[in-house]
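This report describes selected features of a predicted model. It treats internal cavities, one helix and one sheet in turn.

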Amino acid sequence: MDSELRRAIRSCFDSSAATGSSAGVTPDHWVYSTCGYCAVGCGLYIGVRQGQAVAVQGNTNYPVNRGRLCVKGLYEWKVLHHPERATEPMVRKKGRLVPVSWDEALGLLVEKLQQNLRAFGPTSIGIYHTGQFLLEEYYTLGKLAKGVLCTPNIDSNTRLCMAATVYGYARSFGTDGPPGCYEDLDAADLIFVCGANPAEMHPQLWRRIMRNRQKNGAKLLVADPRTTLPARVADLHLALRPGTNVPLLNSMAYVLLEEKLIDERYIAAHTTGFGELQEVVRRYPPEKAAELTGVPAGKIAEAALLFGRSPAATTVFCQGVNQSMAAAETVTLINNLHLITGKIGKPGSAPFSLTGQASSMSNREVGGSGSLPGFRNQSNPVHRQEVADFWGVDAGKIPAGTNDIMKMMQMIERGELKFLWTMGTNPAVSLPQQGYVREMLDKVFLVVQDIYYPMETAAYADIFLPAAQWGEKTGTYTNAERRVNVGYKAVEPPGRAKADFDILLEVAKRLGAAKLFPWRNTEEAFEEWKLLSRGRPNDMGGMTYRRLEQEGGLQWPCPSEEHPGTARLYADGFFPTRPDVAQAYGPFNDPEGRAKLWAVDYEAPPEVPDEHYPFWLNTGRMIEHFHTRTKTKRVPELHCLAEEGFVEINPADAEKLGIRDGQKVRLTSRRGWVEVKALLKNTVAPGQLFMPFHFGDLDPGEQGLKQAANHLTLNWVDPVSKQPIFKIAACKIEKVEE
């Protein structure tokens, strides 16, 4: 078994409360918090001694993880104190970033904002931020961008991971928000893992899946081109070709219809679009789907029968759906399977998206990028008016939509976008087609707000602002099951670094908009947001910081202080699809509150292997690192486990090409090239390659390397969600003679 998989297993099955600490150091006190990595949202305490974080301990009373933490969470305290923490503002002078006062840095930032607003209007301003802010910071940023700057150019790096799910949920159910909860993984008779690897990416959820399987005999179905750990231990593995989710799911629906494993009464009472769905899925019998997917027809039928005959089934999905072909529409097809079988809103039954960042759900809830607060739709004039009235601004100035980050890159190229402010994200590693992206970052006036220096995107910064991070500020985070929890400030940020909340308030003040932001702290901002959430699908009116700590978080909707929170949505069969409620605003609204069944045809990927570029390239994550390693490469225990980029290649392909295990190879696509070591793995099928996207090549310690996977990926986005397709590219591989 691969060493990384052994580590994944160990991190899942630790039977005691997990503690990571500095050797021989006992904390003075422990501070209540939640993990700042993925959106599982594990509860933990930060151990502090003499003003320094020295330990992390899992919260044994927290319902999400019961004290267990993965390897990243155990060492999270080490991200707070590091020699490369950014401690002072900087401005580029004579080609170099040099330290300046906060007054000078923010003075220049606001001056540039005002100059561009006067000369070119709000569309000349762009903001691109993170999935790791506090909910209160997202709310503040959304209010600043849409209510003060009035720019349509605001996006976050959740565009790269969750945008397809947001659009897919909204198109099916009316608004965003996972219908299920983690307890569904305990109660399901079948768990369908579709395009996800929870063993490495969401270990505490994988632990629940395996416990259910061992205790209750739950079946495990996995659809993934790679033979990951979940695929190895599954009852059935569907090793489909890259980009063929649509024919696979349509064919499963075909079998469910043919075998009459559907809930006709539920369909009639609670859905629309069944006739169109029937018409399309008839084109995808298993034999036809087998031609497209490479999965034998018998296995497709077996998978559908497993799903249809299971009394309770939960589907978990992640980037193998969101970053592949027809991403948002694939989410609707997953939703279709649950709707036509009535497997939704019940214990053990939900289409459940797994999320990669600690608070990306918070961003979605409060309108931090592509919507308005409370899952309101920017295209709906009534929703815009509601928000404008609450904020006390002109509804006509609130943008009717937002532009995604790749659209902003095109606007930079055309000279339309003059000013870009990035916060807590690293586009010089994470965006596709890096050659193009880096050229655009160098062309625009760039403000970078982050927690470490150096970091890759700062190489292009005109202004750099040092920010506080997890553990250095107080506020709330919403996890993947809609559970809101509070994390309290444990230590002071280093040097002159400031919380993002405070930076945003100061910018608003300098722009003359202080009256719109009257809060003294994040708790007051949360109280305002609660009022705006009332009556909306994600109502948080009954939540307080004290309740969140005392009750181990609360799941929305939670409309009153007597309400216990809501574990599952749509238990009553009614959906927020009415025009006055829906986040998805358009022809799919339904006055009776029924869910929408979507009919989707297969479309081939924009690029496929050929004689010049004969391999499929798939990119993804690994357990040791988080996103672009801004944090994890600075934790020695994590860095030493995976120090540099690599590519996985099937041994049969390696033998044909004369490539040895560990040998340096060059991968080339139509967009660029990288040189990394080759790892011979049966995890990838012949003709396919896998490369982690975490590694960059701009920081001083990486100079001379060319290992960023996104030199190879396509600048092509899902037409519905505008999410890039990182899972599909054609490339060639050749050994580098040493």
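## Internal cavities

A search of the whole structure identifies 5 cavities of 30 Å³ or more. The largest cavity has a volume of about 560 Å³. Its lining comprises 36 residues, and those nearest the centre of the largest cavity are Gln-132, Asn-157, Gln-357, Gly-424 and His-627. Two or more lining residues of the largest cavity come from each of α20 (427-430) and β16 (445-450).

The second largest cavity holds about 380 Å³ of space. Among its 30 lining residues, Gly-195, Asp-224, Gln-319, Gly-320 and Lys-727 are the closest to the centre of the second largest cavity. The elements that give two or more residues to this second lining are α7 (198-201), α15 (319-322) and β22 (615-620).

The classes of lining residues in these two cavities are set out below.

| Cavity | Nonpolar | Polar | Charged |
|---|---|---|---|
| Largest cavity | 12 residues | 18 residues | 6 residues |
| Second largest cavity | 12 residues | 13 residues | 5 residues |

## Helix α5

Is helix α5 largely enclosed or left open by the rest of the structure? Of the 11 residues in α5 (residues 163-173), 10 are buried, so the helix is largely enclosed by the rest of the structure. The buried residues of α5 are Ala-163, Ala-164, Thr-165, Val-166, Gly-168, Tyr-169, Ala-170, Arg-171, Ser-172 and Phe-173. These buried residues pack against both helices and strands: the helices are α15, α16 (327-340) and α17 (360-366), and the strands are β13 (313-317), β14 (350-353) and β21 (595-596). Helix α15 thus appears in two settings, as a packing partner of the buried residues of α5 and as a contributor to the lining of the second largest cavity. Just after α5, Gly-174 adopts a positive phi of about 105°.

## A sheet of three strands

An open sheet of 3 strands, with antiparallel pairing, follows the order β18-β19-β20. Strands β18 (475-478) and β20 (554-555) stand at the edges and have a single partner strand each, so one side of each is left without a neighbour in the sheet. Strands of a sheet pair through backbone hydrogen bonds, in either a parallel or an antiparallel manner. Strand β19 (residues 483-487) pairs with β20 in the antiparallel sense over 2 bridges. Which residue of β20 is the bridge partner of Arg-483? The partner of Arg-483 in β20 is Gln-555.

Conventions:
Residues numbered from 1 in each chain as written. Predicted model: local features only at pLDDT ≥ 70, side-chain atom pairs only at ≥ 80, totals over all residues. Heavy atoms only, no water. Pairing = 2+ DSSP bridges. Helix = DSSP H or I, 4+ residues; strand = E, 2+ residues; numbered from the N terminus. 1 Å grid on protein atoms, 1.4 Å probe; cavity = no way out; pocket = protein on both sides within 12 Å on 5 of 7 lines; lining within 4 Å. Points joined across faces, edges and corners; volume = space filled by probe spheres on them. Nonpolar A, V, L, I, M, F, W, Y, C, P; charged D, E, K, R; others polar. Buried < 20%, exposed > 50% of the residue type's maximum accessible area, 1.4 Å probe, protein only. Contact = heavy atoms within 4.5 Å.
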